[in-house]
Amino acid sequence: MKTLYETTVTNTGGRNGEVFSPDNIFNLDVATPPALGGEATTATNPEQLFAAGYSACFNSALEFQLKKHKVEIESSQVTATVRLLADTKDQGVKIGVSLEAHIEGLDLETAKKYVELAHAYCPYSKAISGNVEVDVKVI
């Protein structure tokens with residue numbers, strides 16, 4: 001398979017450490033959120049990073065589908081909410097995701113069509129399909 005893009009990020013310290021790229025363009029502190037027993041801080045956490053990546057990737061997939069079908073819009077916005085959920089199968093945790101997409105300049109039914117196409121096309125959606133429950137809503 002042909003690689004279109006590749007990036008590397010390293011973590012030290014787990015949830016209480018840092019994440020950084022070898023070129024040091026990407027460098028963030030990571031901390032356990034208060035809801036999981038951490039201190040209030042301005043550091044990020046893995047769930048925020050996943051939500052940021054998924055929302056950006058999904059919105060790019062949405063814009064790609066709109067452009068591919070020659071549909072002009074005013075703007076689009078995708079919000080990803082990532083949750084850590086109790087996993088009763090192994091008494092561990094798992095991830096759940098809610099995506100809310102809004103396309104300014106399209107009626108709701110037409111917007112739903114392109115959001116569905118984006119969900120089928122998005123690399124993040126493909127990667128977690130069958131493993132993570134994703135609720136997609138058009139608002």
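Here a visitor asks how the labels on this predicted model are justified, and a guide answers.

Visitor: What is the secondary structure of the chain?
Guide: The chain has three helices and six strands. Along the sequence they follow the pattern β-β-β-α-β-β-α-α-β.

Visitor: How many residues does the chain have, and what share is buried?
Guide: The chain has 139 residues, and 31% of them are buried. Its C-alpha atoms fill a box of roughly 45 × 40 × 35 Å along the principal axes.

Visitor: Why is E47 called buried?
Guide: Its relative accessible area is 13%. Buried means under 20%, so E47 earns the label.

Visitor: What makes E47 and R15 a salt bridge?
Guide: Their closest N and O atoms are 2.5 Å apart. The limit is 4 Å, so the pair qualifies.

Visitor: Which parts of the chain does this pair tie together?
Guide: E47 lies in helix α1, residues 46–68. R15 lies in the loop between β1 (10–12) and β2 (17–20). The pair therefore ties together parts that are 32 residues apart in sequence.

Visitor: Why does R15 count as partly exposed?
Guide: R15 has 27% relative accessibility. Partly exposed runs between 20% and 50%, so R15 belongs there.

Visitor: How many salt bridges does a search of the whole structure find?
Guide: The search finds two. Besides E47 with R15, there is K112 with E109, at 3.7 Å from N to O. That value is within 4 Å, so K112 and E109 also pass.

Visitor: How far apart are K112 and E109 along helix α2?
Guide: They are three residues apart in helix α2, residues 108–121. Because of that spacing, about one helical turn separates them.

Visitor: Why do K112 and E109 carry the labels they do?
Guide: K112 has a relative accessible area of 32%, between 20% and 50%, so K112 is partly exposed. E109 has 54%, which is over 50%, so E109 counts as exposed.

Visitor: What makes the nonpolar surface patch?
Guide: Four residues make it: L36, L84, V93 and I95. The patch covers about 320 Å².

Visitor: How do you know that L84 is open enough for a patch?
Guide: A patch residue needs over 30% relative accessible area. L84 has 32%, so L84 passes that cut-off. L84 lies in strand β4, residues 75–87.

Visitor: Is T32 buried or exposed?
Guide: T32 has a relative accessible area of 11%. That is under 20%, so T32 is buried. T32 is found in the loop between β3 (27–30) and α1.

Visitor: What is T32 in contact with?
Guide: Leaving aside neighbours within four places in sequence, T32 is in contact with R15, N16, G37, G38 and E39. R15 in that list is also the salt-bridge partner of E47.

Visitor: Why is V134 called partly exposed?
Guide: V134 has 22% relative accessibility. Buried would need under 20%, and exposed would need over 50%, so V134 is partly exposed.

Visitor: Where is V134, and what is it in contact with?
Guide: V134 is found in strand β6, residues 133–138. Beyond neighbours within four places in sequence, V134 is in contact with Y54, V97, L99, H119 and I128. The C-alpha atoms of V134 and H119 are separated by 9.8 Å, with their positions 15 residues apart along the chain counted as their spacing.

Visitor: Where does G105 lie?
Guide: G105 lies in the loop between β5 (92–104) and α2. G105 and V71 are 34 residues apart in sequence and 9.8 Å apart in space, C-alpha to C-alpha.

Visitor: What makes N24 and Q91 worth a look?
Guide: Most residues other than glycine have a negative phi. N24 is not a glycine, yet its phi is positive, about 65°. Q91 is not a glycine either, and its phi is positive at about 60°.

Visitor: Where do N24 and Q91 lie?
Guide: N24 is found in the loop between β2 and β3. Q91 lies in the loop between β4 and β5.

Visitor: Why is Q91 called exposed, and N24 partly exposed?
Guide: Q91 has a relative accessible area of 67%, over the 50% mark, so Q91 is exposed. N24 has 48%, between 20% and 50%, so N24 is partly exposed.

Definitions and conventions
Residues numbered from 1 in each chain as written. Predicted model: local features only at pLDDT ≥ 70, side-chain atom pairs only at ≥ 80, totals over all residues. Heavy atoms only, no water. Helix = DSSP H or I, 4+ residues; strand = E, 2+ residues; numbered from the N terminus. Buried < 20%, exposed > 50% of the residue type's maximum accessible area, 1.4 Å probe, protein only. Patch = residues over 30% accessible without salt bridge, like charges linked within 9 Å, V, L, I, M, F, W, Y side chains within 5 Å. Areas by Shrake-Rupley, 256 points an atom, 1.4 Å probe, with all protein chains shown as cover. Salt bridge = Lys/Arg side-chain N within 4 Å of Asp/Glu carboxyl O. Contact = heavy atoms within 4.5 Å.
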